[in-house]
Amino acid sequence: MLERWHVTTERSITKDLERYLEDTLQEPARTDPLEQALGIPSFLSRIYSLHEGEIAGRRLVFLAAKDNTATPANIAKHLALVRHAVDAVVVFVAPSLSAYNRSRLIKRGVPFVVPGRQLYIPDLAMDLREQFHTYKEPRPNALSPAAQAVLFLHLLRPDQAASSPSLIATQLRYSAMSIGRAFDYLVDAGLAHAERHGKERHIRFKTEGRELFDAAHDLLHSPVRTRKFVRNGHITAPLKHAGESALSDLTDLSPPPRDTFAVAASDWKALAQTRGLVETDPEQAAHIIETWAYDPADLSDARTVDPLSLHTQFRNHRDERISMAADRLLERIAW
């Protein structure tokens, strides 16, 4: 027999979902209505309320059943339609499910959540039934970009140090959930402790200043993802000087023949379009644009990128002049 239910309000199911995710994952959870995405059939909005959120740095779209009589086979088809339209893990949400239908959904690999009872998201290696099992990675060999940004923010602005995901998220261009995941990296790396204050976790680093930086040294990596050689267009503030240009600004290193600037990798396409930047051969380039794994503007109020990211980029450079200049950057920091 098919189950029938009626969700009295869209708010009630999403609030139940948020509370359940927070209690289960021990991290702040928030869902927002999904704006209509191109390619999602309109009939689905009559069957489900669509919301989006984030878990462990992954985007999720939740299909919360309104007045549902759909079979597990139909639910699987509906989720597949949404997956084709959005780049996200798509999860079915219902206030209740029979054991038989839960079994059928699991057999089909359909992610679902029954708030207060069960969570099954195989894409994130999460399966909660009577117990919740998290699959932790071994001690990391490198910090994630978000974890490195959290660490550098703490080191560069100790007088403004925040300790909760929600407060740090206001200083860095990450969601509170992504910051919570960054906490996991920092704790797993042995650099910090996580403490719970009410419903929210707070981070406490085990040491401070240069000692903390040295402890993290081997886990750090260059924030640079790609280098774009560009011509035409115009380069103006608020782009930060980066690369050897920034290194020459901050040390006695001679300036390079072309200026280098940095931008968050997620902003590159929009920047190129709005400023008329055209990629070209290195020999014909007027400027170099570095795309970064995190937003360089979040860590620096100066015209250059921050010195810790710059040091991490050049510390092992094959040119001894550049690597020595990178080391001198650390001497400029008021630890």
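Which helices and strands do the buried residues of helix 11 pack against? Keep that in mind as you click around. One thing to know before you start: what you have open is a predicted model.

**Stop 1: helix 11**

Select helix 11, residues 307-314. Of its 8 residues, 7 are buried, so this helix is largely enclosed by the rest of the structure. Colour the buried ones if you like: Leu308, Ser309, Leu310, His311, Thr312, Gln313 and Phe314. Now for the opening question. Those buried residues pack against four helices, namely helix 5, helix 8, helix 9 and helix 12, and against two strands, strand 11 (224-231) and strand 15 (287-292). Let's visit some of these partners in turn.

**Stop 2: helix 12**

Keep helix 11 selected and add helix 12, residues 320-331. The two axes come within 9 Å and cross at roughly 150°. That angle makes helix 11 roughly antiparallel to helix 12, and their crossing is left-handed. Show the side chains where they meet. On helix 11, pick Pro307, Leu308, Leu310, His311 and Phe314; on helix 12, pick Ile322, Ser323, Ala326, Asp327, Leu329 and Leu330. Sorted by class, this contact has 8 nonpolar residues, 2 polar ones and 1 charged one.

**Stop 3: helix 9**

Hide helix 12 and bring up helix 9, residues 243-250. Is helix 9 parallel or oblique to helix 11? The axes come within 11 Å and cross at roughly 120°, and the two helices are therefore oblique to each other. Helix 9 passes helix 11 in a left-handed crossing. To see the contact, select Gly243, Glu244, Ala246, Leu247 and Leu250 from helix 9, with Leu310, Gln313 and Phe314 from helix 11. This set divides into 5 nonpolar, 2 polar and 1 charged. Leu310 and Phe314 may look familiar: they also belong to the group that meets helix 12.

**Stop 4: two serines on helix 9**

Stay where you are and zoom in on Ser245, which is in helix 9. Its relative accessibility is 1%, so Ser245 counts as buried. Try a distance between C-alpha atoms here: Ser245 and Pro255 are 10 residues apart in sequence, yet 5.9 Å apart in space. Leaving out neighbours within four places in sequence, Ser245 is in contact with Pro256, Arg258, Asp259 and Thr260.

Next, click Ser248, also in helix 9. Ser248 is buried too, with a relative accessible area of 11%. With neighbours within four places again set aside, Ser248 is in contact with Leu253, Ser254, Pro255 and Pro256. Pro256 is on the contact list of Ser245 as well.

**Stop 5: helix 5**

Back to helix 11, this time with helix 5, residues 145-156. Their axes come within 9 Å and cross at roughly 125°, and the pair is therefore oblique. Select Gln148, Phe152, Leu155 and Leu156 on helix 5, and Pro307, Leu308, Ser309 and Thr312 on helix 11, to light up the contact. By class, there are 5 nonpolar and 3 polar residues here, and no charged ones.

**Stop 6: the largest nonpolar core**

Which members of the largest nonpolar core touch the most other members? Select Leu143, Val150, Leu151, Phe152 and Leu186: among the 46 residues of this core, these are the ones. Several elements supply at least two residues each, including helix 6 (165-169), helix 7 (176-188), strand 10 (200-205) and helix 8 (209-216), as well as helices 5, 9, 11 and 12. Helix 5 gives the most, with 8 residues.

Now centre on Leu186. Not counting residues up to four places away in sequence, Leu186 touches Leu143, Ala147, Val150, Leu151, Leu191, Ala192, Ile203 and Phe205. There is also a second, separate core of 24 residues; Ala70, Ala94, Val110 and Tyr120 are among them.

**Stop 7: Thr31**

For the last click, go to Thr31, in the loop between helix 1 (10-25) and strand 1 (32-33). Is Thr31 buried or exposed? With a relative accessible area of 9%, Thr31 is buried. Show what is around: beyond neighbours within four places in sequence, Thr31 is in contact with Thr14, Leu17, Glu18, His51, Glu52 and Phe62.

Note on methods
Residues numbered from 1 in each chain as written. Predicted model: local features only at pLDDT ≥ 70, side-chain atom pairs only at ≥ 80, totals over all residues. Heavy atoms only, no water. Core = buried A, V, L, I, M, F, W, Y, C linked by side-chain atoms within 4.5 Å. Buried < 20%, exposed > 50% of the residue type's maximum accessible area, 1.4 Å probe, protein only. Contact = heavy atoms within 4.5 Å. Axes fitted to C-alpha atoms, helices over the stretch in contact; angles between N-to-C directions. Parallel < 35°, antiparallel > 145°, perpendicular 65-115°, else oblique. Left-handed = near helix turned anticlockwise from the far one by under 90°. Nonpolar A, V, L, I, M, F, W, Y, C, P; charged D, E, K, R; others polar.
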